[in-house]
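Biologist: I'd like to learn how to read a model like this one, feature by feature. Could you walk me through it?

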Amino acid sequence: MKRTWKSLLLTCNWVLLSVSTSILIILTQPTTPVPAQEPPASTTVETINSPSSETTKDQKLREVLQPSTPEASLEVSEPKKPESPQEPTLSPEEITRQLKFIEADRLYLAGQIPEAEKIYRQLKEPFAKTSTPEERKPAILDPTQLSPGGQVYWRESEAGIAKKLQTRIFVPLQLLVEQYPEFIPGHIRYAEVLKQYDRPKEALDVLERASSLYPDQPELIKAKVTALANEKKWMEASLAARQFAILNPKDPQAPEFTNLAEENLKRYKSHIRAEIRGNLIGNIITGALGYAATGSLLGPFSALDSSIVLLQGERAIGESAAKEAKKQLNVITDEAVLGYVNQIGQKLAKVTGRDEFQYEFFVIPQESLNAFALPGGKIFINAGAIAKSNSEAELAGLIGHELSHVVLSHGFQLITQGNLISNVTQYIPLGGSIGQLFALSYSRDMERQADTLGTRLIVATGYAADGLRNLMVTLEKQQKNAPPSWLSSHPGGRERVSDLENLITRSNYNRYAYEGIGHHREIQARVKKLLADKKAREEKK
């Protein structure tokens, strides 16, 4: 009899909790939905290719580059609230500079690459702290092609390996790769002996440096893939192999690299499933303990449900989370804005090497320069990222960075590791927030990987190689006191700018490619109008 009354009491508690939660959700929702903005008919701007006089074209472009302030079109009830600081207007010199960028973009798209690059070079200053790189020497695969000094290093190291004398192995090999970086077998052999003598991290560093200099050498990339796989870094191994296959489609070994990518991806997925199964057992235990401690079935069901979703994989997690995010974030529905972001995102997604995801791109009506990625290819970009970036190449750099987190499965790795912690901490006040912070905190290595791959993605799709680097410089200029939200959640802004400059210089990536100024400014004007209208509606409520 006592057990029956206890069960009835727990059931009543469950019903009351469900009802109160539903009422809370209803009360916290906006009283009226924010209507979607219709594309204004007057926003169509004549492009530089329009069949009109030069005077008319310049006038139209200047209107786009220096639009009237959005506050002029807002209807704000009296008395007026203190106005927020307006954006600094462009000087005549800055307008002229952007018009030159637009002309260079036009030439670039028309296939007049040398003429476009000439203008880009005139407009872009060299990196301040990066020395001009020496011209990369052609790769050498045969030891007989080395200079006499290089051949001595090679023979000495080979003799040291045969006699197992570490001094005769490491000293000549280190000198060989430093003085003759073009000798590919030297890097491979150096990494092999480092691994043999239980120095795997140093071996990976050697191969990483070498592959950044000679990313088109199949034997070098194959050694890197093998070394990563030996260290159980299967996702990184898969991406390294797939990137080579995508960027070097005419290489005879490209199909072999595609197979390597698939093999390592399967290993990674198998490893993740094993971790999730272990978490599932832990979640069941914590759910039972939570039920015993609180008498609530919410915790156990939440733990079980989250583990089931994790077992379904990255794509299922992304779709589930994106569905909820779209409801809560009230995403922008303007077709021109969405089309612009989607066009950039899909172009970048094609060269990521992971086509098992359905990539989708959303724009959030928030003014801050920020973005985030969900597993499975769901990318959310703040409207402020469009409003505050200077070019399509900068925006592509931001999207490429977030896409890199997706294709490298960074979020999925963190969610898998943090799933058990989230379910344990839900029984502690504010515990859910602790779990979320754990899941969303990328490591410094993850950020570096996303910066590197993101830059490679924009290079592979024809954008200026310094798009992501320039975005970070833009952020530092715009935020004098507080760090931008995107940089504050991605630590080491200045250090990362320097790293990207070194990457671009070392890899000889092209800074003098497509910037995309004209159309970007048109979309910017549209986005600023949407944000201004949203702000006006909020002030009237």
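Modeller: Sure, let's begin with one residue and its company. Leaving aside neighbours within four places in sequence, alanine 465 is in contact with Thr455, Ile458, Val459, Ile504, Tyr509, Asn510 and Arg511. Keep in mind that this is a predicted model.

Biologist: Where does alanine 465 sit, and is alanine 465 buried or exposed?

Modeller: Alanine 465 belongs to the loop between α19 (444-460) and α20 (467-478). Its relative accessibility is 1%, so alanine 465 counts as buried. For a sense of sequence versus space, take alanine 465 and glutamate 394: they are 71 residues apart in the chain, and their C-alpha atoms are 9.6 Å apart.

Biologist: Let's step into α19 itself. What does glycine 454 touch?

Modeller: Not counting residues up to four places away in sequence, glycine 454 touches Gly400, His401 and Ser404. Glycine 454 is found in helix α19, and with a relative accessible area of 0% it is buried. Serine 404 is 50 residues from glycine 454 in sequence, yet the C-alpha to C-alpha distance is 5.8 Å.

Biologist: How much of the protein is buried, and what share of the contacts join residues at least 24 apart?

Modeller: Of the 541 residues, 45% count as buried. Among contacts between residues at least 6 apart in sequence, 70% join residues at least 24 apart. The secondary structure comes to 23 helices and three strands.

Biologist: With that many helices to look at, how do I describe two that pack together?

Modeller: The general idea is to give the angle between the two axes and the distance between those axes. Here, try helix α7 (residues 184-196) against helix α8 (residues 200-213): the angle is about 165 degrees and the axes are 7 Å apart. Angles over 145 degrees count as roughly antiparallel, so α7 and α8 are roughly antiparallel to each other. The crossing of α7 past α8 is left-handed.

Biologist: Which residues of α7 and α8 meet?

Modeller: On the α7 side you have His187, Ile188, Tyr190, Ala191, Leu194 and Lys195, and they meet Pro200, Glu202, Ala203, Val206, Leu207 and Ala210 in α8. By class, the residues of this contact split into nine nonpolar, one polar and two charged.

Biologist: I see spacings of three or four in those lists. Is there a general idea behind that?

Modeller: There is: an α-helix has 3.6 residues a turn, so residues three or four places apart point the same way.

Biologist: What other helix meets α7?

Modeller: Helix α5 (residues 148-163) does: the axes of α5 and α7 come within 12 Å and cross at roughly 25 degrees. That makes α5 roughly parallel to α7. This crossing, too, is left-handed, with α5 passing α7. Trp154, Glu158 and Ile161 in α5 meet Pro185, Gly186, Arg189 and Val193 in α7, and the classes come to four nonpolar, one polar and two charged.

Biologist: Now backbone angles. What should make me look twice at a phi value?

Modeller: Its sign, for a start: most residues other than glycine have a negative phi. Now look at aspartate 198, in the loop between α7 and α8. Its phi is near 60 degrees, a positive value in a residue other than glycine. Aspartate 198 is exposed, at a relative accessible area of 66%.

Biologist: Where else is there a positive phi in a residue other than glycine?

Modeller: Asparagine 330 has one, near 55 degrees. Asparagine 330 lies in the loop between α13 (314-329) and α14 (335-349), and at 38% relative accessibility it counts as partly exposed.

Biologist: And following the chain into α14, what is leucine 338 in contact with?

Modeller: Apart from neighbours within four places in sequence, leucine 338 is in contact with Ile332, Thr333, Phe361 and Val363. Leucine 338 has its place in helix α14 and counts as partly exposed at 26% relative accessibility. Isoleucine 523 is 185 residues away from leucine 338 in sequence but 9.8 Å away in space, C-alpha to C-alpha.

Biologist: One last helix: how many residues of α10 are buried?

Modeller: Eleven of its 14, so α10 is largely enclosed by the rest of the structure. The buried residues include Trp234, Met235, Leu239, Arg242 and Phe244. Helix α10 (residues 234-247) reaches 20 Å from its first C-alpha to its last, close to the 20 Å expected at 1.5 Å a residue.

Technical notes. Residues are numbered from 1 along each chain as its sequence is written. This is a predicted model: local features need pLDDT of at least 70, side-chain atom pairs count only at pLDDT 80 or more; totals for chains, interfaces and linings use all residues. Side-chain values use heavy atoms; hydrogens and water are left out. Axes are lines fitted to C-alpha atoms, for helices over the stretch in contact, and angles run from 0 to 180 degrees between N-to-C directions. Helices (H or I, at least four residues) and strands (E, at least two) are DSSP runs, numbered from the N terminus. Angles under 35 degrees count as roughly parallel, over 145 as roughly antiparallel, 65 to 115 as roughly perpendicular and the rest as oblique. A crossing is left-handed if the near helix is turned anticlockwise from the far one by less than a right angle, and right-handed if clockwise. Contact means heavy atoms within 4.5 Å. Ala, Val, Leu, Ile, Met, Phe, Trp, Tyr, Cys and Pro count as nonpolar, Asp, Glu, Lys and Arg as charged, and the others, Gly among them, as polar. The expected span of a helix is 1.5 Å times one less than its number of residues. Buried means under 20% relative accessible area, exposed over 50%, partly exposed in between (1.4 Å probe, protein chains only).
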